Structures are given as C-alpha cells and as structure tokens.
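Work through the exercises below with the model open. Try each task before reading its solution.

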Number of protein chains: 2
Amino acid sequence: MDIRTLCLGLLTMGDASGYEIKKTFEEELSHFYEASYGSIYPALTKLTEEGLVSCREMAQEKRPDKKVYSITPMGRLAFMDALSKKPGRDRIRSDFLAILMFADLLPARQLSRLIDDRIDHYRERLAELDDCHASQEETPAHQFVTGYGRAVYQAAIDYLEDNRHVVEGEALLSRASAAG
Amino acid sequence: MDIRTLCLGLLTMGDASGYEIKKTFEEELSHFYEASYGSIYPALTKLTEEGLVSCREMAQEKRPDKKVYSITPMGRLAFMDALSKKPGRDRIRSDFLAILMFADLLPARQLSRLIDDRIDHYRERLAELDDCHASQEETPAHQFVTGYGRAVYQAAIDYLEDNRHVVEGEALLSRASAAG
DNA sequence: GTTATATATATCATTTCGATATATATAACG
DNA sequence: CGTTATATATATCGAAATGATATATATAAC
C-alpha cells in the first residue's frame, strides 16, 4: 500500500483536490500514515495518466483554482484489487525510543524532560482523537481505528509513568519516600 | 536522528561491521527503527570521510573480508551533540490500519483473517521481546525500551480482541448467543 | 547434487520526505 | 496603514531511504 494507492482509496469516499487529500492525511490518517505534497501531487498526476482517476479544474471565487479528482470505475477495480493483497508490515521510526537506548549517556534532567514531553505529546494526540470522536459522525471502521489509536497511546502513557524510574534511577528514592 | 547518526550511536557500544550493524537493527532495534543495507553502507562511508569513525579491514578465515568500524573521539562528540537535540516525531506507516479504514469494502472472511493474522503477528513480536529478555543481560535502558514494546503490543492485542466486533458486525450475534 | 542459509559488501531504480517557490485572500495587531 | 500570520491551492527538487539485486565464499540440510 503505497501513497498512490491510499490516495486512490480516499477518492472512493468522495471527490477531492490534492490539498484536501493532504488535509485528510493530517487530520484523519496522521495517527497511522503520513504523506507530503511531494508524494501526493505526483501520485494524482500518475493516477490520472493511468485512467484510474479523472480530473476537472474548478475556478473558485477568492481562492486559487482547484483540481478536483474523481475515481473512475477502473480506479475502483484497481483499489479493490490492492485491498485484497495482504498488508505490508508496519514501518516505524521512533527517535524517542532510539534516544532512550542511550539513556545512560544523557544528563538526568534532560532524560526526565524527554519523558515528560513525550507524555504530554501522547496526551495531546489522545485529545485529538477525542475531538475527532465528538465532532463528526463516524463509520464503524473509523471508530475502530480511532479506538485503536487511543488504546495504544494510553498504554504508552501508562507504561512511561509506571516505569520511568527504571531509567531515571533517582526516581526510586522519591518513590520510596512517597511510600514511606 | 537519521540512520547515519544512529549507526554512529551503535558504534559507541562497540566496534562493528556494516553487516553486524544491520543485524543489530534487525534484532534489537526492529521494534522501533529500521534500516537497510542501502542506507547503512553509505552512512558508514560518509562517517569515515568525515572522520567520525575509522575503519580497518580484517581478513578472516573461511569468511569474506570484514570492514570493522570504530568511533573516533570526534565521533563521540558529534553523537553527544545529536543526542542533545530534541527528537523528531515518530514516523509510522501501518498498511493494516489503512486497510481497516476501508473495512466496509472488504468481504467478512477477509476482514476476520486480516485481524487474526495481525493478532498472531503481535504475539510473535511479544515472543521475540521475551526471548531477548531471557537470553542476554540487559542494561536498564534496554529493559525499559523492551518493556515499552511489550506494553504497546499487548495493548494492541487486547484492543483487537475486545473490539473486532465493531467492524466484523456478525460477531455481535455470536457474542450474544455465547452470552445467552 | 542441489537447495537453503549464513557471512560480507555494494549498487541502483524507485519512493518518499522536507523544504521551498509561487500566488491569492483574510484576519489580527499595533 | 503596514506587517505578520494563517489559510487555500499547486508544484518542484535535492536528499534520504527502501527494497531488490549482484557478487563472492562457506556450511548444512536433504
């Protein structure tokens, strides 16, 4: 499932411009897939050349012209075919965890700051998912994927809070004094 | 934190060849970072040119020659500097979740198979982490990162098991009959 | 004998990122 | 009134990285 195919999939849900597709990536998909203009625009051009989508230019008032893309019947077939393939493995790259592998090289304050920031970050992402849940009517599929994100973020927060003392070391002392 | 920098970091833990670094990526880092030969070998070449690592060729018996890389004092400084930078955001790409967004387009059997496979996949990854835990003496940092992986995989398995009915639909019926 | 696996390095087309350029319009701020 | 920020919209390009493949040697399995 490359970005080209995922753009095709998004167009099964309704017509859109490249800019709107980027917005969708940022808003709905950002928790499990990312794409930049540098991949989206060439993808749409290629899909058009292949006849999997069609494009009409729309003049707009007080806005730049828009190119609105629609999926073609051939495009729908191609996407169904892509969906039937077994998914590629997840690709992840976490600077946070990579840095943590070298925790013993970090000053204690910096390490604590790193973990604090990461917990804040996950809380923000949880809030985004809750907003998403509140604002719009969701399909079961959307609900399911959103819930998945929530579960994983919450697990990460819980783990960081419960186990940060393993790398922070001195937290052991403050815990002991809090308990005693 | 690009692959070049992470290779430098791995060399702070001991000398290694490109092949051995790839092994480390596959074994210890695969849960949160990936890299291919196509990025590792050029990275080592560039680090050598910059004087951040040094390289000595070693003839081996009954094995191809090896190029063993060592980090230089300058390299250690450069890595400490890189560590002090705040981490880039996580980059993830999950075909599995992307496909699930189109669950309503999938035949029921295919969807169930997809989720079964994913649960199996996470169980395997959990087992890998447990092997890792059992086999080698671990630094606190390593323990912490491994535990993080376990927590997240377990949360994913639990979520999939508890909520698959949301997208599978007919599972609602079997649950109702199992309960009644 | 042939197939698979392991050790070891290297290259290359393709994909993708991240930054930047261009253009138009509104809103905010002092 | 000027400046800065934000939003809409498309496009391109160098740099990074993937995934596949090539080359070479050796052992183990079947």
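**Exercise 1. Find the protein contacts to the phosphates of DNA strand D.**

Start with Arg93(A). One of its polar side-chain atoms lies 3.1 Å from a phosphate oxygen of DNA strand D. A polar contact is a pair of N or O atoms within 3.5 Å; within protein, one must be able to donate a hydrogen and the other to accept it, and residues adjacent in sequence count only if both atoms are side-chain atoms.

Before the next step, note the ground rules. The model is predicted: local features need pLDDT of at least 70, side-chain atom pairs count only at pLDDT 80 or more, and totals for chains, interfaces and linings use all residues. Residues are numbered from 1 along each chain as its sequence is written, chains are lettered from A and ligands numbered from 1 in the order in which they are written, and side-chain values use heavy atoms, with hydrogens and water left out.

Next, take Tyr41(A). An N or O atom in its side chain is 3.0 Å from a phosphate oxygen of DNA strand D. Then switch chains: a polar side-chain atom of Ser39(B) also lies 3.0 Å from a phosphate oxygen of this strand.

Now place the surface on the fold. Chain A gives two or more residues from each of α2 (18-27), α3, β2 (66-71) and β3 (91-93), and chain B does so from α3. Helices (H or I, at least four residues) and strands (E, at least two) are DSSP runs, numbered from the N terminus.

**Exercise 2. Describe the protein surface near DNA strand D.**

Count first. 25 residues surround the strand, and the closest are Tyr19(A), Gln60(A), Lys67(A), Arg89(A) and Ser39(B). Near means that a heavy atom of the residue lies within 4 Å.

Sort by class. There are seven nonpolar, seven polar and eleven charged residues. Ala, Val, Leu, Ile, Met, Phe, Trp, Tyr, Cys and Pro count as nonpolar, Asp, Glu, Lys and Arg as charged, and the others, Gly among them, as polar.

Finish with the DNA side. Of the strand D atoms within 4 Å of the protein, 69% belong to sugar or phosphate; the rest belong to bases.

**Exercise 3. Which residues are closest to DNA strand C?**

They are Ser39(A), Tyr19(B), Gln60(B), Lys67(B) and Arg89(B), out of 25 that surround the strand. Check the phosphates next. Tyr41(B) has a polar side-chain atom 3.0 Å from a phosphate oxygen of DNA strand C. For Arg93(B), a side-chain N or O atom is 3.3 Å from one. Ser36(A) uses a polar backbone atom, 3.3 Å from a phosphate oxygen.

**Exercise 4. How do α1 and α3 of chain A cross?**

Take the axes: they come within 9 Å and cross at roughly 75°. Axes are lines fitted to C-alpha atoms, for helices over the stretch in contact, and angles run from 0 to 180 degrees between N-to-C directions. Therefore α1(A) is roughly perpendicular to α3(A), a label for 65 to 115 degrees; under 35 is roughly parallel, over 145 roughly antiparallel and the rest oblique.

List the partners. Among them are Cys7(A) and Leu8(A) of α1(A), and Ala43(A) and Leu44(A) of α3(A). Contact means heavy atoms within 4.5 Å. The contact residues divide into eight nonpolar, one polar and two charged.

**Exercise 5. Classify the ring pair of Tyr159(A) and Tyr148(B).**

The ring centres are 5.9 Å apart and the planes stand at 90°, so the pair is edge-to-face. Rings of Phe, Tyr and Trp (its six-membered ring) pair if their centres lie within 6.5 Å; planes under 30 degrees apart count as stacked, over 60 as edge-to-face and the rest as tilted. The pair crosses between chains, from α7 (residues 140-168) of chain A to α7 (residues 140-168) of chain B.
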